[in-house]
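This briefing covers the open and enclosed spaces in one protein model. It is meant to be read alongside the sequence and the 3D view.

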Amino acid sequence: MNVRKGYQEELHEINEQISRMGKQTTTFVAEAVEALAIFDTGGAETIRHHEREIDALHREIEEKCIAIIATQQPVAVDLRFLIASIKISAEIERIADYANNIAKITHRKLSGLDLAPVSHLGSVIGDMGSLAINMLTDTLRAYESRNHDFVVIAKEQDAEVNSANYKLFNLMIDTGRRNGSLSQAMLEMHTAIRYLERSADRAVNIAEWVFYMGTGFRYVRLR
């Protein structure tokens, strides 16, 4: 009886750790996007500590899941939960990597550049960031509530992020075309925005693993 109780507590702890990891990463993305949107090159450096904390949590979750699979031989729902948890924590860790890359670009690449002529891009970056952050928040909420049907909404939200990315990309091209001296700034900002767009793609992957948790099937195989 005590062994079974300990087993269920371990599963609950993994669930809580992934939720905490997701919230930390969402905060990291939000802070990285804000620093980029207002061109806060100094502030971008101060938030990069998040990556180390999230990396450590990811390793702990992965090791714990593997140990449980090896020693407890879970089946059915529990096995799917553990497999999905390994995959989801890896997706969250990659999103944190993207946030760190955005902060790194803002701090290292944009520092020293004259960004006054591109100040109008800040609000557009913020709008795209809000879409991606809301999407990630909703996806993690779907994980917590085991809402495996959310994957359909996640794909719709991803399409909105892609649309915003396309709009911003065209705006950046137009800005660079009007002022050739901004080419370096446009290049660096475009790279940062691509990391934000990839974060939304990773959120879709999380939603697909939530679908797997609830159904036992990969969503992509049912399309």
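**Pocket and cavity linings**

Five nonpolar, six polar and three charged residues make up the lining of the largest pocket. The model is a predicted one. The largest cavity has a lining of six nonpolar residues and one polar residue, with no charged residues.

Largest pocket
- The space in the largest pocket comes to about 190 Å³.
- Its lining consists of 14 residues, and V77, D78, F81, R146 and M213 are the closest to the pocket centre.
- Three helices each contribute at least two residues to the lining of the largest pocket: α1 (2-37), α4 (76-109) and α7 (183-215).

Largest cavity
- One cavity of 30 Å³ or more is present in the structure.
- The volume of the largest cavity is about 30 Å³.
- The residues that line the largest cavity are V29, I95, A132, L136, L196, S199 and A200.
- Because Ser falls outside the nonpolar and charged sets, S199 is the polar residue in the lining of the largest cavity.
- At least two lining residues of the largest cavity come from α5 (121-145), and at least two from α7.
- With three residues, α7 provides the largest share of the lining of the largest cavity.

Helix that serves both spaces
- α7 supplies at least two residues to the lining of the largest pocket, and α7 also supplies at least two to the lining of the largest cavity.

How values were computed:
Residues numbered from 1 in each chain as written. Predicted model: local features only at pLDDT ≥ 70, side-chain atom pairs only at ≥ 80, totals over all residues. Heavy atoms only, no water. 1 Å grid on protein atoms, 1.4 Å probe; cavity = no way out; pocket = protein on both sides within 12 Å on 5 of 7 lines; lining within 4 Å. Points joined across faces, edges and corners; volume = space filled by probe spheres on them. Helix = DSSP H or I, 4+ residues; strand = E, 2+ residues; numbered from the N terminus.
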